[in-house]
Amino acid sequence: MAPEAAPWVAVLLVAAVVALTRVAGPWAVEVLRVTPALGRFLDGMAGAVIAAIVAQALVQGGPRAAAAAGAAGVAALAGGGVFGGMAAGVAAAALWRLAAG
């Protein structure tokens, strides 16, 4: 396979998986029994995925990303919620970039 084709193959595979889950999702909900343990697992999945994405960004982003994530976390916990946290994180990253030149 040509190196130029690899990203397109990945995109097509992801699209196929998404389409399959869209079609099979309602069927799986009807057929599978959701136990309390499975329910807890599914409830925790979204948070785990977000934590993994943020952790990777922090590792690759350096101090500016850490400052933005810290500001977002503090603002969200201080009562700003998700939107306030995102706004604080974006503002912190922008101010860092502005100050660094």
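Val 17 counts as exposed because its relative accessibility is 52%, and the cut-off for that class is over 50%. The residue is found in helix H1. The model described here is predicted.

**Helix H1 and the loop after it**

Helix H1 also holds Glu 30. Glu 30 has a relative accessibility of 70%, so this residue counts as exposed. Val 34 sits in the loop between helix H1 (6-31) and helix H2 (36-100). With 54% relative accessibility, Val 34 counts as exposed.

**The nonpolar surface patch**

Val 34 is one of the residues in a nonpolar patch on the surface. The other members are Leu 38, Phe 41, Leu 42, Met 45, Val 49 and Ile 53. Together, the patch residues have about 630 Å² of accessible area.

**Helix H2 and Ala 75**

Ala 75 lies in helix H2. Is Ala 75 buried, partly exposed or exposed? Its relative accessibility is 21%, so Ala 75 counts as partly exposed. The buried class ends at under 20%.

**The largest pocket**

Which residues line the largest pocket? They are Val 54, Ala 57, Leu 58, Ala 65, Ala 68 and Ala 69. By class, this lining has six nonpolar residues. It has no polar and no charged residues. The space in the largest pocket is about 160 Å³.

**Distances between residues**

Three pairs give a sense of spacing along the chain and in space. The distances in space run from C-alpha to C-alpha.

| Pair | Apart in sequence | Apart in space, C-alpha to C-alpha |
|---|---|---|
| Ala 75 and Val 17 | 58 residues | 36 Å |
| Val 17 and Ala 68 | 51 residues | 33 Å |
| Glu 30 and Ala 10 | 20 residues | 30 Å |

Val 17 appears with Ala 75 and again with Ala 68. Ala 68 is also among the residues that line the largest pocket. From Val 17 in helix H1, Ala 68 is 33 Å away in space. Ala 75 in helix H2 is 36 Å from Val 17. Glu 30, in helix H1, is 30 Å from Ala 10.

Conventions:
Residues are numbered from 1 along each chain as its sequence is written. This is a predicted model: local features need pLDDT of at least 70, side-chain atom pairs count only at pLDDT 80 or more; totals for chains, interfaces and linings use all residues. Side-chain values use heavy atoms; hydrogens and water are left out. Patches are made of residues with over 30% relative accessible area and no salt bridge: like charges are joined within 9 Å, nonpolar side chains (Val, Leu, Ile, Met, Phe, Trp, Tyr) within 5 Å. Accessible areas come from the Shrake-Rupley method with a 1.4 Å probe; for residues, only the protein chains shown count as cover. A salt bridge is a side-chain nitrogen of Lys or Arg within 4 Å of a carboxyl oxygen of Asp or Glu. Helices (H or I, at least four residues) and strands (E, at least two) are DSSP runs, numbered from the N terminus. Buried means under 20% relative accessible area, exposed over 50%, partly exposed in between (1.4 Å probe, protein chains only). On a 1 Å grid over the protein atoms alone, a cavity is a set of points where a 1.4 Å probe fits but cannot get out, and a pocket is an open set with protein on both sides within 12 Å along at least five of seven lines; lining residues have an atom within 4 Å of a point. Grid points are joined across faces, edges and corners, and a volume is the space filled by probe spheres set on the points. Ala, Val, Leu, Ile, Met, Phe, Trp, Tyr, Cys and Pro count as nonpolar, Asp, Glu, Lys and Arg as charged, and the others, Gly among them, as polar.
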